[in-house]
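Me: Could you walk me through this one? I'd like to hear the reasoning as well as the answers.

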Amino acid sequence: MSELLHTQPSTISPTARPVAVAFEHVTKQYGDTVALHDVSIQIPIGQTVALLGPNGAGKSTSINLTLGLLDPTGGSVRTLGLRPREAIATGRVGALLQTSGLPVTARVGELVAFVRRLYPEPLAMQAILARSGLKDLERRPVETLSGGEAQRLRFAMAIAGDPELVFLDEPTVGMDVETRRAFWRDIRAFVAEGRTVLFATHYLDEADDAAERIVVLDHGRVVADGSARSIKARVSDRVVGFTLPTASPEVVAAIKAIPGVSGVDVAGERLAVATKDADAVIEQLFARGLRIRDLEIQGAGLEDAFIALTSSADPAA
Amino acid sequence: MTALTSGSHRLQATVQATAAYLRLEVPRTLRNRRLLMLTVVFPVAFYLLFTRVLTGGVQFGNDERAFVMVSMAAYGAIGATLSAAVRVAMERTSGWTRQLRVTPMPALGYVTTKLVTAYLAAIPAIVLVMLAALTANQVTLPPFTWLSIFVALSLGALPFAALGVAIGYVFDESTAQLVFTISFVGLAVLGGLWAPISTFPEGLATMARMLPSFHFANLGWSALAGGGPDASDALALLAYGLVFVAIVAWRYRVGEQLGR
């Protein structure tokens, strides 16, 4: 039915590979501020993608564009092959927005039941409560929820309609580590059913754990796009860790001066040396007669990769 | 799919979404203590205060008690409907309306629900002041007069529901609170709900007769007097109602474009 109504060249034809989200040369400006600059991304159906970047990188702007809450200044955005607002109207999309207000004096169960009724084929009430961990909170007025519980309620509203495409804008913001882990278990279980998920986060471990693909945004540009492994591989840093009880400032300075060392982190007697060539650094440490113990060599975490990627992309930094 | 069936499909979706939203909003609004004070406690308390305590040493007769009943029922209905301004502005500021925009609910469903909920809040205010008149103040009126006062006041409250939603759509949360208070108190006092317009100086009285609150209460006073409704009151309220609905429709369109 709707294919006939679309004349835009970017509309996905039925024979093409189905695409959940398509950005083509998207630019978004607020006055003089450029929030997104010529961004092109395609997210195929069924993929779990993390949008990763510091505050102000353009993550929320991207999500709001795919939901039709914003219109692009230039380029085109298609959601499930449709104009974003049309896609929302079909009831095939769910979204958890960053810090969206909840209507006070409504109870958790009432709110979830209401959102369910807006969708043509929603999940069963009990399934929504179970998946979002709200089973015991059904009777609670929303204004008495903790920050983490409120996020669970927002997640419940996002999944209530049994959507094929889900947007989660910083879903675990304001949660402690334990709650975050439990919450991500629930999100992963939901995602495992072949849904397409785009989530924004500045928690790097979340992107690494939950997403099969990571798009790194910085200052409104895509600075990296690939699997977590491929993004880490772009930065060859290794971290050499060891214990050195006699690490005086002079010794630390000497280690910093070893060729190929990009940084030294001291935590009590424990030192962490970042370098591109771990072997050469260890050789030098022994050559200087330092009595190092508990030697460890690790690949850099995503966080290190991330810092390297974003700082290299920004000439001003 | 033809434009016609697509149009009727959209209408059906709007009606269904509005029904679902009303099911959430009505019980939720009944639990709102602030609104309960505004719509029930204050009008009834002021009614009893004005007719039994602050009477200037005069014993109020049946006519005065019935007259003030209409005034205070109108006062409560205006407060109840206008207070939608604060709730709408709060929901726009907090981002709840954004959350609704990422569901399939048509934005018109939100506006309709807010108008209906704002309007429904007026009914308990009217009923309870009338009940206080009947029980505590032993006001006696012919049954048809009771009924026509209720009908006049409950229909006359309609434009104020639109004004409340309009204020909530035009102003942000902190300003809307102030605009609500000023327009509520201003409309009540200047419309002659606290002291009859006959006690006003001439210039003020002329202005007061143009206010929607005066026309609203006058519908009730005319019903109390036993005559039919004054056509000028009905027309004035209709005109005000259309202006307020136009403001809501305009802000709704602006909101559509800005995505909030």
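Below is a short back-and-forth about this predicted model.

Me: Starting with chain A, what share of its contacts with a separation of 6 or more comes from residues 24 or more positions apart?
Reply: Chain A has eleven helices and 13 strands, and buried residues make up 41% of its 317 residues. Among the contacts in chain A with a separation of 6 or more, the share from residues 24 or more positions apart is 69%.

Me: Which helix of chain B gives the most to the largest nonpolar core?
Reply: That core holds 153 residues, and B:Met69, B:Ala73, B:Ala77, B:Val129 and B:Val165 touch the most other members. Leaving out residues up to four places away in sequence, B:Met69 touches B:Tyr47, B:Val129, B:Met130, B:Ala133 and B:Val139. With 13 residues in the core, the top giver is the helix spanning residues 62–82 of chain B, H3.

Me: How many residues are in the second, separate core?
Reply: Its members include A:Val240, A:Ile255, A:Val273 and A:Leu285. The full count for this second core is seven.

Me: Now H8(B): which exposed residues sit on the face turned away from its buried side?
Reply: H8 covers residues 143–156 of chain B and reaches 20 Å from first C-alpha to last, close to the 20 Å expected. Its buried residues are B:Ser148, B:Ile149, B:Ala152, B:Leu153 and B:Gly156. These cover an arc of only 125° around the axis, so they lie on the same side of H8(B). The face turned away from that side carries the exposed B:Pro143, B:Phe144 and B:Leu147.

How values were computed
Residues numbered from 1 in each chain as written. Chains lettered and ligands numbered in written order. Predicted model: local features only at pLDDT ≥ 70, side-chain atom pairs only at ≥ 80, totals over all residues. Helix = DSSP H or I, 4+ residues; strand = E, 2+ residues; numbered from the N terminus. Expected span 1.5 Å × (residues − 1). Buried ≥ 20, exposed ≤ 12 C-beta atoms within 10 Å, placed from the backbone. Arc of directions from axis to C-beta. Contact = placed C-beta atoms within 7 Å. Core = buried A, V, L, I, M, F, W, Y, C linked by C-beta atoms within 7 Å.
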